[in-house]
Amino acid sequence: MRFGFFKSITFRVGITLLLTIVIAELLAGVIWYQTNAATKEENAKHTMMNISNAAADTYNYFQSLPLNYRHLILNQLRDVGGTRFFISINNKKIEMDAIPDLTFTQWLPEFTANVLFDRLASANSVNVTITQRDDIRVFNSGIKLAELPEIWTKYSLVLGELDLPIVVMQIEMSEHEWFYIASVLPVPHSSLTTQFIDKRQLLILAITSILLMLCTAWILQREIRPIKSLAKAATLMGAQFTTTEIKEEGSRETRSAIHAFNKMNRRVRAYIRDREMLFSSISHDLKTPLACLKLRTEMLDDDKVRQRFEKLLNEVDLMLKAALQCIRDTDIHEEPEWIDIQQLLNNCADYYNRNNQCVELNDIPKVRYLGKPIAVKRCIYNLVDNAVLYGHKVDIRLDETPGFLQLTIRDYGPGIDNKLLEKVFEPYYRAERDDGNGSGLGLTISRSIARSHGGDLKLANHDEQGLEVQLFFARDV
């Protein structure tokens, strides 16, 4: 029972549902990822194309100015302000720290540089970096933008309160002259990266899965409860032949199954009641005329005829008693209890060894079994009695398996013809009639008791000598 939960329908349906949800989410994530990534990539290219064109136009404009006018125009741009660009002309390329954790920053700068090269025929070299506002360095000294006077920075690179990425483009105009232009990239950081499943999606997936699993477990428990009641009642019915009726609840199919079981239970109960009444009537109706016949037989004058009639009447009386005993032994109304099998076998051996040693127990382990004590005792004693009667010497061995308790009883008699190994279970049939004792119902009763405990009774001739009886009792009854 240690791993019983993993074999239950609740676990199997739950794990199947969970896998279905995960697979569906993964497929949806793949589709969404591909579509979203393509859209983001297209938007990023379009935005960078516009910025590149504006930067190229600005570069071309400054390239066309006389050298003495370039710094004058730069100062006027800073004084006017209100632009998202920051422009300067430096003596060298300024090293810049790129944003490391964005997917598009691995290819977007190269794409921008190629666009600029196509628009700027006179450019010797182009360097593009996508960085953060706090990491921007300007002028030949590489000073950070935040360290400049506020009047220089307040009206440059507007939209700073939105914390947007900054694209810095540096174009080599001549050997010691680099055109520096920085622009606000009007897209958020999230639009410059693609992530298959982010934390928010994982959280939604986890919450959805947990809620769905809890609801599924609750519904399954409601549906399985009547099925468990049905299984329990069927098990009890197999051991006791009758059981109390089950409440009809659950789904339509479950209700139909319970209704059919209750109907069958009522029919079996009526059948057992009628059978008990029948055999009670037989016991009463046959014993009275049988006693009268015995009395009339004693009045016969002819001794031979009287003896013949007495023998026939005794056989009829024996068959009647055996039939009634068979009914009583196979229809034992008692509650299951824990039985000490080792103690039961020890008592059995002591009983048959009271005059001479004929029953030997082979290392019987300490075993407790839940069953009907009187029925189990009668079953074992019947088998041992037959083994002692026909085999004289008996060996008993007890084995355990996860599903069954197996009792092996071997005698050292002549055995039974293989063709008769099943026929001997028929009522009143006896393979040995040397002494005329017995009714031929012992094996029938024993097999019936074994099967009422979820087991069985089998016979086999031993390879060396004698008959081997294998008695099985199911543990889950």
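Me: Let me start with a term: two strands pair if DSSP finds at least two bridges between them. With that in mind, which residue is the bridge partner of Ile409 in E13?

Reply: Ile409's partner in E13 is Val469. Strands (E, at least two residues) and helices (H or I, at least four) are DSSP runs, numbered from the N terminus. Before we go on, this is a predicted model, where local features need pLDDT of at least 70, side-chain atom pairs count only at pLDDT 80 or more, and totals for chains, interfaces and linings use all residues. Residues are numbered from 1 along each chain as its sequence is written, and side-chain values use heavy atoms, with hydrogens and water left out.

Me: OK, how many bridges join E11 to E13?

Reply: There are 7, and E11 runs antiparallel to E13, which covers residues 467-474. E11 is also joined to strand E10 (residues 394-400), again antiparallel and with 7 bridges. In that pairing Ile396 sits opposite Ile409. E10 and E11 make a hairpin, with 3 residues between them.

Me: Is E11 mostly covered or mostly open?

Reply: Mostly covered: 7 of the 8 residues in E11 (residues 404-411) are buried. Buried means under 20% relative accessible area, exposed means over 50%, and partly exposed is in between, using a 1.4 Å probe and protein chains only.

Me: Switching strands: why is E5 said to be largely enclosed?

Reply: Because 8 of the 9 residues of E5 (residues 166-174) are buried, the rest of the structure largely encloses this strand. E5 pairs with E2 (residues 126-131) in the antiparallel sense over 6 bridges, and there Asn127 faces Gln170 of E5. E5 also pairs with E6 (residues 177-184), antiparallel over 8 bridges.

Me: What stands opposite Val167 in E6, then?

Reply: Ser183 does. E5 and E6 form a hairpin too, with 2 residues between them.

Me: Zoom out for a sec. How many helices and strands does the protein have?

Reply: It has 10 helices and 13 strands. The protein has 477 residues, and 38% of them are buried. Its accessible surface comes to about 28500 Å², with 56% belonging to carbon and sulfur atoms. Those areas come from the Shrake-Rupley method with a 1.4 Å probe; for residues, only the protein chains shown count as cover.

Me: Tell me about a helix. What span should H9 have, at 1.5 Å a residue?

Reply: The 19 residues of H9 (residues 373-391) should span 27 Å, and the end C-alpha atoms are 26 Å apart, so the two agree. The expected span is 1.5 Å times one less than the number of residues. Buried residues in H9 include Cys379, Tyr381 and Val388. Right after H9 comes His392, with a positive phi near 65 degrees.

Me: And which residue with a positive phi follows H10?

Reply: Gly454, with phi near 80 degrees. H10 (residues 442-452) is mostly covered, with 8 of its 11 residues buried. Arg447 is one of the buried ones.

Me: Now charges. How many salt bridges does a search of the whole structure find?

Reply: It finds 11. A salt bridge here is a side-chain nitrogen of Lys or Arg within 4 Å of a carboxyl oxygen of Asp or Glu. One joins Lys366 and Asp340, at 2.7 Å from N to O. Lys366 is in the loop between strands E8 (359-361) and E9 (368-371) while Asp340 is in strand E7 (residues 337-340), so this pair ties together parts 26 residues apart in sequence.

Me: Is Lys366 buried or exposed?

Reply: Exposed, with a relative accessible area of 59%. Asp340 is partly exposed, at 23%.

Me: Which residues do salt bridges that share partners join into one network?

Reply: Look around Asp456 and Arg451, whose side chains meet in a salt bridge of 3.1 Å, N to O. Shared partners join Glu422, Arg447, Arg451 and Asp456 into one network.

Me: Last one: which residues make the nonpolar surface patch of about 370 Å²?

Reply: Ile15, Leu19, Ile23 and Leu27. Patches use residues with over 30% relative accessible area and no salt bridge, joining like charges within 9 Å and nonpolar side chains (Val, Leu, Ile, Met, Phe, Trp, Tyr) within 5 Å. Leu27 is in helix H1 (residues 9-64) and counts as exposed, at 54% relative accessibility.
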